[in-house]
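I opened my notebook beside the viewer and went through this one piece by piece. Here is what I looked up, in the order I looked.

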Amino acid sequence: SAAVLVPLIDHASGMSVLLTQRTENLPSHAGQISFPGGRMDARDLSPEDTALRETEEEVGIHRTKIQVVGRLTVHETRTGYRVMPIIGLIEPPLMLSLEPSEVADAFEVPLDFVLDPDNHRFETYKGTDSGRKYRAMPYGEHYIWGLTARVLFELAGVLRDSS
């Protein structure tokens, strides 16, 4: 089991979603765009604990700065993880401290971009998985795909349905 934080940054000019880019030297998902998060530890009492602990470890945002507001649905990965996305609100300013062994970069995507259905697409794997489809949401120089794109697609649907 694993959990990720979907960090919504509440700027006066509009909300954004904080994402990270994993370092190239990690054994799995190297270089990919992701949410802060990871495997549940024995000391974690809940997926929320996991997401908050991992967020502090990876980007330096302490749990007291995050208001947990809900969960999305569990997502299965091809690598065998069951990932629970936890939604958290964060008031700026952000004082990030990236863990250099795990996080190469952190950036924000405007929530309006995430909410726009035109920015979500299906793409087709090439090579050994040719023909298999996956979600993608390119943003500027960042290629958001796979689990991260699926979670953002679900978040957009939930937020559009609630308004």
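**Entry 1: the small sheet**

I began with β9 and strand β10 (residues 133–139), which run antiparallel and are joined by 4 bridges. As one point of register, I noted T124 opposite K133 in β10. A reminder to myself before going on: this is a predicted model.

Next I asked which order the strands of this open sheet take. I found β9-β10-β11, 3 strands with antiparallel pairing. The edges are β9 (121–124) and β11 (142–145), each of which pairs on one side only. From one strand to the next, I have an average twist of 45°.

Then I looked at what packs on this sheet, and found α3, which touches β10 and β11. The direction of α3 makes about 80° with that of β10.

On β9 I also wrote down a salt bridge between R121 and E123, with the closest N and O atoms 3.6 Å apart. R121 is partly exposed, because its relative accessibility is 38%. E123 is partly exposed as well, at a relative accessible area of 22%.

**Entry 2: helix α3**

I checked the length of α3 against expectation. With 17 residues at 1.5 Å a residue, α3 should span 24 Å, and its end C-alpha atoms are 25 Å apart, so the two agree.

Which residues of α3 are buried? My list reads G146, T148, A149, V151, L152, E154, L155, A156 and G157. I was pleased to see E154 in there beside the glycines and alanines.

I picked L155 for a closer look. Leaving aside neighbours within four places in sequence, L155 is in contact with V6, L8, V17, L72, I87 and L111.

**Entry 3: the cores**

L155 led me straight to the largest nonpolar core, which has 23 residues. L155 is among those with the most contacts inside this core, together with V17, L19 and L152. I then asked which elements each supply at least two residues of it. They are β1 (2–11), β2 (14–22), β7 (82–90), β8 (103–110), α2 (111–115) and α3 (146–162). The most comes from α3, with 5 residues.

Apart from this core lies another, of 13 residues, and A3, A51, I90 and A106 are among them.

**Entry 4: strand β7 and its partners**

Is β7 enclosed or open? I count it as largely enclosed by the rest of the structure, because 7 of its 9 residues are buried.

I went through its pairings one at a time. β1 and β7 are parallel, with 8 bridges, and V4 stands opposite P85 in β7. Strand β5 (residues 66–71) runs antiparallel to β7 and is joined to it by 5 bridges; there V68 has G88 as its bridge partner in β7. Strand β6 (residues 75–76) also pairs with β7 in the antiparallel sense, over 2 bridges, with E76 opposite R82.

The hairpin of β6 and β7 has 5 residues between the strands. In that hairpin I marked G80, which takes a positive phi near 95°.

**Entry 5: T20**

I stopped at T20, which lies in strand β2. T20 counts as buried, because its relative accessibility is 1%. What is T20 in contact with, neighbours within four places in sequence aside? I got Q32, I33, S34, F35, P36, V59, V103, D105, A106 and F107. One of these, A106, I had already met in the 13-residue core.

**Entry 6: salt bridges**

The total I have is 10 salt bridges. D41, R43, D44, R53, E54 and E57 are linked in a network of them, and I followed R53 through it.

R53 meets D44 in a salt bridge at 2.8 Å, N to O. R53 is buried, at a relative accessible area of 8%, and D44 is buried too, at 10%.

R53 also meets E57, at 3.2 Å, N to O. E57 and R53 are 4 residues apart in helix α1 (residues 47–59), so about one helical turn separates them. E57 counts as partly exposed, at 35% relative accessibility. I closed the notebook on R53, a buried residue with salt bridges to D44 and to E57.

Technical notes. Residues numbered from 1 in each chain as written. Predicted model: local features only at pLDDT ≥ 70, side-chain atom pairs only at ≥ 80, totals over all residues. Heavy atoms only, no water. Core = buried A, V, L, I, M, F, W, Y, C linked by side-chain atoms within 4.5 Å. Buried < 20%, exposed > 50% of the residue type's maximum accessible area, 1.4 Å probe, protein only. Contact = heavy atoms within 4.5 Å. Pairing = 2+ DSSP bridges. Expected span 1.5 Å × (residues − 1). Salt bridge = Lys/Arg side-chain N within 4 Å of Asp/Glu carboxyl O. Axes fitted to C-alpha atoms, helices over the stretch in contact; angles between N-to-C directions.
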